[in-house]
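Visitor: I'm new to this structure, and I'd like a close look at one part of it. Could you take me to a single helix and show me what surrounds it?

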Amino acid sequence: MAMQSAGTDIAARARSVIDEFKDLEGPLLPILHGIQEEFGHVPSETVPVIAEALNLSRAEVHGVVTFYHDYRSQPAGRHVLKLCRAEACQSMGADAIAAQISQALGIGFHETAKDDSVTLEPVFCLGLCACAPAAMLDGEVIGRLDADKIEEIVAEVRS
């Protein structure tokens, strides 16, 4: 019975988010952003609720969730670190930066540290090409990554 109660709570919370955005033109993406903000990810239990509310198939909703890299099917860590993998950053040493950060955090891309402190994600352009290599930590962009900035980032996500 507790499982059903949890599912009912998720559905109710999802419906509240859906109601907030369903009257917008093209409401699916704003709804998914709202769902992810509410839960920290897009729980699979919300897909049928969204589909029914928008008169879409579950496959259509699932397809959008899995197509866009910003939507997660599992909760992220307390911090989200996105490293730019685009050409400008790669030409400025992003592969070495990624290896250093991965080693310092003990995780690879699409992984969350065992203590849930940080999730490491690749991103394909942050618009900081002139300040490459670049990253984004919890929505704040960081340009010209180097060893000192890596130390600062690791210290911040571990605190």
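Guide: Let's look at the last helix, α7, and then follow its contacts outward to the rest of the chain.

Before we start, keep in mind that this is a predicted model. The chain has seven helices and five strands. Reading from the N terminus, their order is α-α-α-α-β-α-α-β-β-β-β-α, so α7 is the element that closes the list. Along its principal axes, the C-alpha trace spans about 50 × 35 × 25 Å. Of the 159 residues in the chain, 42% are buried. And if you take contacts between residues at least 6 apart in sequence, 57% of them join residues at least 24 apart.

Now to α7 itself, which covers residues 147-158. One helix it packs against is α6, residues 94-105. The angle between the two is about 30 degrees, and their axes lie 10 Å apart. Their crossing is right-handed. On the α6 side, the residues that make this contact are I97, Q100, I101, A104 and L105. On the α7 side, they are I150, V154, V157 and R158. Sorted by class, that contact has seven nonpolar residues, one polar and one charged.

Stay with α7 a moment longer and find A155, which is part of this helix. Is A155 buried, partly exposed or exposed? A155 counts as partly exposed, because its relative accessibility is 46%. For a sense of distance, pick out T8 as well: it sits 147 residues from A155 along the chain, and the C-alpha atoms of the two are separated by 39 Å.

The helix also helps to line a pocket, the second largest in the model, with a volume of about 150 Å³. The residues around that pocket are L137, D138, E140, I142, K149, E152, I153 and E156. Two elements give two or more residues to this lining, namely β5 (140-142) and α7. Which of the elements gives the most? That is α7, with four residues. By class, the lining has three nonpolar residues, no polar ones and five charged ones.

From α7 we can step across to its partner α6, where there is some enclosed space to see. The structure holds one cavity of 30 Å³ or more, and about 40 Å³ of space lies in the largest cavity. Around it you'll find L83, C84, R85, A94, I97, A98, P133, A134 and L145. Do you recognise I97? That residue is also one of those α6 uses in its contact with α7. Both β1 (79-84) and α6 give two or more residues to the cavity lining, and α6 gives the most, with three. The lining has eight nonpolar residues, no polar ones and one charged one.

R85, from that cavity lining, deserves a stop of its own. You'll find R85 in the loop between β1 and α5 (87-91). R85 counts as buried because its relative accessible area is 16%, and the cut-off is under 20%. Setting aside neighbours within four places in sequence, R85 is in contact with Q90, A94, D95, A98, F109, P122, V123 and F124. Among those, A94 and A98 are also in the lining of the largest cavity.

For contrast with the pocket beside α7, here is the largest pocket, with a volume of about 320 Å³. It is lined by 16 residues, and those nearest its centre are H69, Y71, R72, H110 and E121. The elements that give two or more residues to this lining are α4 (58-67), β2 (111-112) and β3 (118-123). The largest share, three residues, comes from β3. This lining divides into six nonpolar, seven polar and three charged residues.

One last stop is helix α3, residues 46-54, where T46, V47, V49, I50, A51 and L54 are buried. Just after α3 comes N55, with a positive phi of about 60 degrees.

How values were computed. Residues numbered from 1 in each chain as written. Predicted model: local features only at pLDDT ≥ 70, side-chain atom pairs only at ≥ 80, totals over all residues. Heavy atoms only, no water. Axes fitted to C-alpha atoms, helices over the stretch in contact; angles between N-to-C directions. Left-handed = near helix turned anticlockwise from the far one by under 90°. Contact = heavy atoms within 4.5 Å. Nonpolar A, V, L, I, M, F, W, Y, C, P; charged D, E, K, R; others polar. Buried < 20%, exposed > 50% of the residue type's maximum accessible area, 1.4 Å probe, protein only. 1 Å grid on protein atoms, 1.4 Å probe; cavity = no way out; pocket = protein on both sides within 12 Å on 5 of 7 lines; lining within 4 Å. Points joined across faces, edges and corners; volume = space filled by probe spheres on them.
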